[in-house]
Amino acid sequence: MKKRLNIWIVSLGLLVLLVAAMALCSTVGVVHFDRKSLLESQIFWNLRLPRVILSVLVGAALSVCGATYQSVFRNPLTDPYVLGISSGASLGAAIAILLGLEAHLWGVGGFALLTALLTILLIFKIASIGNRMHTTTLLLTGVCLTFLITAVISLLMALRQDKMESIIFWTMGSFASSSWLDVWIVLPVVTVGMLVVLFYSKDLNLLLVGSETAQSLGVEVEKVRRRLLLFTTLMVAFCVAACGVIGFVGLVVPHCVRLICGADNRRIIPYSIFVGGLFLLLCDTLARTMIPPNELPVGSITSLLGAPMFIYLLYKSKRKI
Amino acid sequence: MIEVQHINCSYGKNEILRNLSFNIADGSFTSILGSNGCGKTTLLRCIAGLLEPQKGSVLIGGKPIGNYTARQRAQMVSLVQQHPQADIEFSAFETVLMGRNPYQRHLQNESQEDWDIVEQAMKQTNTWHLRLSLPSQMSGGELQRVMIARALAQQTPVLLLDEPTSNLDIAHQFEIMELLRDINRNEHKTILIVVHDLNLALRYCPEALLLNDHSLLYQGPTAEALTPDRILTAFGVRAQNKEGFLRFEK
């Protein structure tokens, strides 16, 4: 057998890299410090640090969810937003913006979270037959609901053109207004969710081979699938509520990891946590520092940076996804 | 012992198995025969615990199969399916290693013992040289042998196979059947196999279950199951047994 590097050693290396990157990224920005003035230390502690932490959390969560969905649905094209959670959240955010709740603490985020959770409930309700969850129905329901909700949002924007800009800006995703509150709300959900996925990472391999095979090899398929979907959708809902829709990370980071280290989810899941966190951290740092004092939408940076990297890996790799 | 007691199975309004009962003795090598759509695969899925019959029960070791956990079940019954997945990105070795899953806890890595068992299963099925190959790089026969190796790595007393020879040429059919016969003889595994080729069943499987019209037509020695009369009833084909070899006419 080909000797592979120990998972713990690679993970530790990636963790060190991530922490170093976090330290580095929190020191760069429009305001440069010598950490002496009160204002500067305020900026560091209350604006930049929570933003750095949140971007790492969201990047890690989205990547893990993408990897999970790709195995559960046995479809390489699935990303964390495929079940329509993002559009559900966007609808809530749009309503909150129309109601003028932007100034309230987590007014928009809270609404987004609420509608995201309602969307999940609706999708699970539709796709459950008895106590079984039909994955194709689940995917199709998600895609259809996305269309439906996007249409509603467009209508809302057409009716209230004065709010159009803020709605569009929200749906593009941004960490510009991240606070410690966001971190404290997202952190527990993401931590628990990632631990659950890690716990079931071996079962994900078997699900990838096929649900009947998994069942005959001792996996309680329905139970495992239900738990994985529950925790990953919760992670996505909280992430979207905190920072809007950030595309590409959840689709491509797991694939990049897979191209490098193979199909084993026991590697893909932990590595995706670190690589996803690192990737989104770098993208967000670029987004806020490239054309100071303005910010670029982080979603466009993820695609601009990620797509060529991914195509290069695809081209170089002998493995296919 | 496998005890199938009065099971009824249907998909929607489609009745697949009707009041089916039989026992399979430990260490026997039994073929399941019958025309297309008579419920052979469904029966196998019921015994494997993948499908719960609407009525009746399947008992293994005196206990209904549904009362075991998935892990316990996977330590007793292994299943080789009809169409092995060829589009996955796991090497043959990783695939066979999955057969050890019922013995591992979550987050637990494979032990040296698991590796040894996998190596032995792969050598036994003559697939060790393919251990680094992906399914897409293997022929149908090789892939089928890898799947049998995975089932062997599960170390179950019962081995179920759903038409493992269906896509193979005659030499590979013999190879697979001889492999199974050796496993049955040397390791005393109970083997239940769905076969379409009646001559193959006659040649390798001492026992047979002949299904017809969603229920059991005959259970017993294969040579007695495959009389011209029963073949006519079950398959609607005339047959002659010439020196232990069946010849068919329309």
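Start by selecting helix α7 of chain A, residues 180-199, in this predicted model. Put a distance between its end C-alpha atoms: they are 28 Å apart, and since 20 residues at 1.5 Å a residue should span 28 Å, the two figures agree.

Now click on A:Val186. α7(A) bends by about 30° at this residue. Look a little further along for a proline: A:Pro188 follows within four residues.

Which residues of α7(A) are buried? Colour these: A:Asp182, A:Val186, A:Val190, A:Gly193, A:Met194 and A:Val197. So A:Val186 turns up twice on this stop, as the place of the bend and as one of the buried residues. To see what lies over them, show α2 (38-72), α8 (201-209), α10 (221-243) and α12 (265-289) of chain A, which are among the elements covering the buried residues of α7(A).

**Zoom out to chain A**

Select the whole of chain A and switch to cartoon. You should find 13 helices and two strands. The C-alpha atoms fill a box of roughly 60 × 50 × 35 Å along the principal axes. How does the radius of gyration compare with that of a compact globule? For 321 residues such a globule would come near 20 Å, and chain A has 20 Å, so the two agree. Buried residues account for 48% of the 321 in this chain. Taking contacts between residues at least 6 apart in sequence, 77% join residues at least 24 apart.

**Cross over to chain B**

Next, show the place where the chains touch. The contact takes 19 residues from chain A and 20 residues from chain B. On the chain B side, pick out α2 (70-74) and β6 (77-80), each of which supplies at least two residues. α2(B) gives the most, with three residues. What kinds of residue make up this side of chain B? They divide into 12 nonpolar, six polar and two charged.

Now select all of chain B. The cartoon shows nine helices and 12 strands. Its C-alpha trace spans about 55 × 40 × 35 Å along the principal axes. The globule check works here too: 250 residues would give a radius of gyration near 18 Å, and chain B has 18 Å, so this agrees. Of its 250 residues, 44% are buried. Among contacts in chain B with a separation of 6 or more, 64% are between residues 24 or more positions apart.

**The four-stranded sheet**

Stay in chain B and select β2, β1, β4 and β5. In that order they form an open sheet with antiparallel pairing. Where are the edges? Look at β2 (14-24) and β5 (63-64): each has a single partner strand, so one side of each is left without a neighbour in the sheet.

For a closer view, take β1(B), residues 2-11, together with β2(B). Seven bridges join this antiparallel pair. Click on B:Cys9 and find its bridge partner in β2(B), which is B:Leu17.

**B:Pro53**

Keep B:Cys9 on display and add B:Pro53, in the loop between α1 (40-48) and β4 (55-60) of chain B. Is B:Pro53 buried or exposed? It has 23 other C-beta atoms within 10 Å, so B:Pro53 is buried; the cut-off is 20 or more. Leaving aside neighbours within four places in sequence, B:Pro53 is in contact with B:Ile7, B:Asn8, B:Cys9 and B:Cys46. For one more distance, pick B:His6: it is 47 residues from B:Pro53 along the chain, yet their C-alpha atoms are separated by 9.5 Å.

**Two positive phi angles**

Most residues other than glycine have a negative phi. Two stops in chain B go the other way.

Go to B:Gln155, in the loop between α5 (140-153) and β7 (158-162). Its phi is near 50°. B:Gln155 has 17 C-beta neighbours inside 10 Å, so this residue counts as partly exposed.

Last, select β9 (207-212) and β10 (215-221) of chain B. Six bridges join these antiparallel strands, and one of the pairs to click on is B:Ala208 with B:Gly220. The two strands form a hairpin with two residues between them. In that turn is B:Asp213, with a positive phi of about 50° although it is not a glycine. With 13 other C-beta atoms within 10 Å, B:Asp213 is partly exposed.

Notes: Residues numbered from 1 in each chain as written. Chains lettered and ligands numbered in written order. Predicted model: local features only at pLDDT ≥ 70, side-chain atom pairs only at ≥ 80, totals over all residues. Pairing = 2+ DSSP bridges. Rg over C-alpha atoms; globule rule 2.2 N^0.38 Å. Buried ≥ 20, exposed ≤ 12 C-beta atoms within 10 Å, placed from the backbone. Contact = placed C-beta atoms within 7 Å. Nonpolar A, V, L, I, M, F, W, Y, C, P; charged D, E, K, R; others polar. Expected span 1.5 Å × (residues − 1). Bend = angle between axes of the 7 residues up to and from the residue.
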